[in-house]
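Visitor: Before I rely on any label attached to this structure, I would like to go through the reasoning behind it with you.
Guide: Then let us look at it together and take the labels one by one.

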2 protein chains.
Amino acid sequence: MSLFVQKYGGTSVGSIERIEAVADKVAGFRGQGHDMVVVLSAMSGETNRLIALASQIQERPDPRELDVLISTGEQVTIALLTMALKKRGYDACSYTGGQIKILTDNAHTKARIQRIDIARMRDDLNGGRVVVVAGFQGVDEHGDITTLGRGGSDTTGVALAAALNANECQIYTDVDGVYTTDPRVVDSARRLERITFEEMLEMASLGSKVLQIRAVEFAGKYKVPLRILSTFEEGDGTLITLDEEDDNMEQPSVSGIAFNRDEAKLTIRGVPDKPGIATRILAPIGNKGIDVDVIVQNVSAADGTTDFTFTVHRNELEGARKLLEAVSTELDARGVVVDDRIAKVSIVGVGMRSHTRVASRMFEALSADNINIQMITTSEIKISVIIDERYLELAVRALHSAFELSEPRAAG
Amino acid sequence: MSLFVQKYGGTSVGSIERIEAVADKVAGFRGQGHDMVVVLSAMSGETNRLIALASQIQERPDPRELDVLISTGEQVTIALLTMALKKRGYDACSYTGGQIKILTDNAHTKARIQRIDIARMRDDLNGGRVVVVAGFQGVDEHGDITTLGRGGSDTTGVALAAALNANECQIYTDVDGVYTTDPRVVDSARRLERITFEEMLEMASLGSKVLQIRAVEFAGKYKVPLRILSTFEEGDGTLITLDEEDDNMEQPSVSGIAFNRDEAKLTIRGVPDKPGIATRILAPIGNKGIDVDVIVQNVSAADGTTDFTFTVHRNELEGARKLLEAVSTELDARGVVVDDRIAKVSIVGVGMRSHTRVASRMFEALSADNINIQMITTSEIKISVIIDERYLELAVRALHSAFELSEPRAAG
């Protein structure tokens with residue numbers, strides 16, 4: 001028998017009927033003899049409803065009070081699920097973040113978990129009770145209610161699994177796992193049975209948003225096996241695990257194709273190519289809190305100047321452009337060019353480490369479809385290219401096919 | 001400068017606009033330099049909404065989990081009011097019952113307050129902060145959330161006022177005080193400036209429901225001056241205080257007329273008049289948890305039998321009738337007669353103690369209007385009669401006039 005921590009998101013507990021369905025699911029596992037800890041989000045829409053109430057009073061609601069307010073959402077669902085479990089004859093007990101207790105720092109609305117007191121949960125589990133915990137929330141050392149930020153319930157689930165040394169942390173959501181790429185773009189996109197934490201981080205941060213990055217980092221750090229499953233369909237989902245070396249040999253080089261069209265590109269042309277130039281260009285951007293993603297500096301032209309290009313989130317384009325134009329004048333550069341019709345496509349896979357031909361295969365595939373690569377950036381387990389937005393779907397399909405991602409992955 | 005504990009009910013915080021209005025009110029007092037503790041109910045309708053959710057899952061929701069669920073209602077309003085106070089430039093801090101902490105027994109959904117930890121509230125008050133507390137809720141010794149039962153926010157207000165030794169506990173509601181009788185029945189009904197705790201208890205339990213009986217008892221026990229005021233209208237409301245002997249001399253004998261039509265009358269006829277007969281009749285009723293109100297036993301008839309009459313809540317009439325019919329058979333009595341077309345009218349006043357003619361004046365007034373008295377019951381500060389329901393309004397008006405309640409009461 002195992003100890004499972006299961007987390008159900010807002011859609012999974014969005015109505016009484018769905019809460020009843022979650023109770024059936026949890027009761028099924030408990031009936032098989034597993035020890036069960038269940039972490040819940042608020043009903044879908046509820047957190048937004050509460051924030052809207054607060055916004056009617058304060059444009060920027062007081063963070064401490066906002067946490068008092070929005071933490072009620074999960075308190076409602078844990079009570080209702082516990083009732084549903086009791087109705088089915090299963091003993092169960094609900095806990096708020098403050099009751100359990102999930103100790104955090106005092107950074108209201110984005111608190112970090114510091115410690116979890118497992119004594120009462122252990123007592124309950126030993127007594128055969130299902131433990132139902134409010135996700136997304138904790139308390140600071142003064143007993144003030146804190147919340148962990150959007151998607152924080154995933155983090156609560158992983159943290160409880162780590163603290164209790166659970167066999168698996170299962171994240172139930174409205175998709176049935178992690179896919180090789182977005183099935184809306186590639187029909188033959190395939191659910192991955194396994195993926196490593198590192199790959200998942202790259203996939204998630206690149207746009208295949210299934211669960212909170214922080215939760216994945218946390219799971220990786222504490223080696224908590226994490227599984228993504230669908231609340232609404234049967235299936236094994238995708239297991240996110242450590243990168244086992246011997247598995248690795250069997251794995252294909254690329255696990256998935258991630259992409260996004262959230263970025264815009266800025267180029268400052270004809271800047272003098274001398275030491276410290278990157279800092280002089282990027283410091284004003286960073287100082288304004290604008291995140292820079294891909295950065296490329298071309299080799300010097302014959303006149304000793306170079307072009308310097310980087311991407312930012314599209315929402316930040318105008319702010320970044322103004323800052324860059326000031327820099328351009330200051331450096332006596334040839335001017336600034338921007339382009340917000342770009343897309344980023346990335347291939348991700350721990351197997352790349354040992355397969356050096358991956359990059360050239362990627363470029364060949366894009367070239368075969370006449371897709372021009374504007375920028376390239378690489379990491380150990382990921383290669384990203386910036387292309388014209390119009391070619392995004394074409395590029396994703398070409399790469400999905402080139403790396404044979406539609407074929408079932410070899411058993412790990 | 002004073003320390004006030006103010007309690008605002010669900011109607012007073014029923015919308016963002018009303019919460020803003022309460023913030024204005026509280027800010028006004030704080031601006032005058034008073035130390036302020038504010039106790040809030042949930043938005044009107046919210047507790048019922050939450051109970052309805054629970055009822056969809058369990059016909060009788062698990063009490064522990066029901067408390068987890070419904071305690072969220074006040075948690076929402078305290079956060080919102082605190083934001084509204086901060087927006088006005090007043091420092092403030094919200095607390096749940098568990099945070100403050102209001103320690104109760106573990107009788108979920110009807111818990112009793114045992115102790116209140118005032119350290120943090122004192123710190124806040126000394127620091128110039130308004131303390132905003134969730135009414136209706138507490139925690140037991142295990143940190144489990146409890147609630148105090150319907151209207152429990154009044155009790156929270158009084159308990160905090162007692163613990164903090166406040167100058168006054170002010171209950172803001174949708175009526176502007178306690179009246180000599182229901183103004184819907186008697187046009188000239190008059191707001192009382194003062195009333196004693198004992199009178200208030202009799203008035204409240206007899207149907208003039210302004211605030212929770214438990215809160216009044218609590219205030220009387222701890223000698224907390226209690227004031228009923230309107231949230232929506234200016235005015236001094238009604239102050240509920242101890243019975244000061246010297247005031248008493250100036251007071252008229254009767255303070256108010258209470259009434260209800262919730263009761264039904266049962267009579268068992270021709271029972272043998274011997275010791276222990278009352279117990280044999282009433283024990284089966286009490287054992288079923290049915291509360292009996294007025295009880296009258298007539299003197300024996302020539303045949304050594306008597307008629308025994310009592311009243312119960314109308315909702316309990318059928319249950320009580322069945323039990324009584326079994327008793328009737330068992331005792332070989334002449335049968336059971338019931339009447340649910342009755343009303344109870346009471347005159348209430350501490351002044352009755354020293355004014356012996358009050359009872360006869362009451363009976364004279366009713367008689368003058370040809371109202372037949374079916375049953376009479378008396379206590380030190382109250383005389384109640386059971387009459388035909390049709391004469392209820394007539395009786396109330398006759399008594400209100402007979403005791404000159406429309407005239408302003410002499411200054412206390």
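**The interface and the sheet**

Guide: In this predicted model, 40 residues of chain A are in contact with 39 residues of chain B. The area buried between chain A and chain B is about 3,200 Å², and carbon and sulfur atoms give 59% of this area. Ile57(A), Glu65(A) and Met83(A) supply 22% of what chain A buries against chain B, which is more than any other three residues.

Visitor: What makes the meeting of Arg120(B) and Asp144(A) a salt bridge?
Guide: The rule asks for a side-chain nitrogen of Lys or Arg within 4 Å of a carboxyl oxygen of Asp or Glu. The side chains of Arg120(B) and Asp144(A) meet at 2.9 Å, N to O, so the pair satisfies that cut-off. The count between chain A and chain B is 4 salt bridges.

Visitor: Why are β2 and β6 of chain B said to pair?
Guide: Pairing requires at least two bridges between two strands; β2 (residues 35-40) and β6 (residues 130-134) of chain B have 4 bridges, in the parallel sense, and therefore they qualify as a pair. Val37(B) stands opposite Val131(B) in β6(B).

Visitor: Why do β3 and β10 of chain B count as edges of the sheet?
Guide: The 8 strands of this open, mixed sheet in chain B follow the order β3-β6-β2-β1-β9-β11-β12-β10. β3 (92-95) and β10 (194-196) of chain B each have a single partner strand, so one side of each is left without a neighbour in the sheet.

Technical notes. Residues numbered from 1 in each chain as written. Chains lettered and ligands numbered in written order. Predicted model: local features only at pLDDT ≥ 70, side-chain atom pairs only at ≥ 80, totals over all residues. Heavy atoms only, no water. Helix = DSSP H or I, 4+ residues; strand = E, 2+ residues; numbered from the N terminus. Contact = heavy atoms within 4.5 Å. Buried area = accessible area lost by both parts, 1.4 Å probe.
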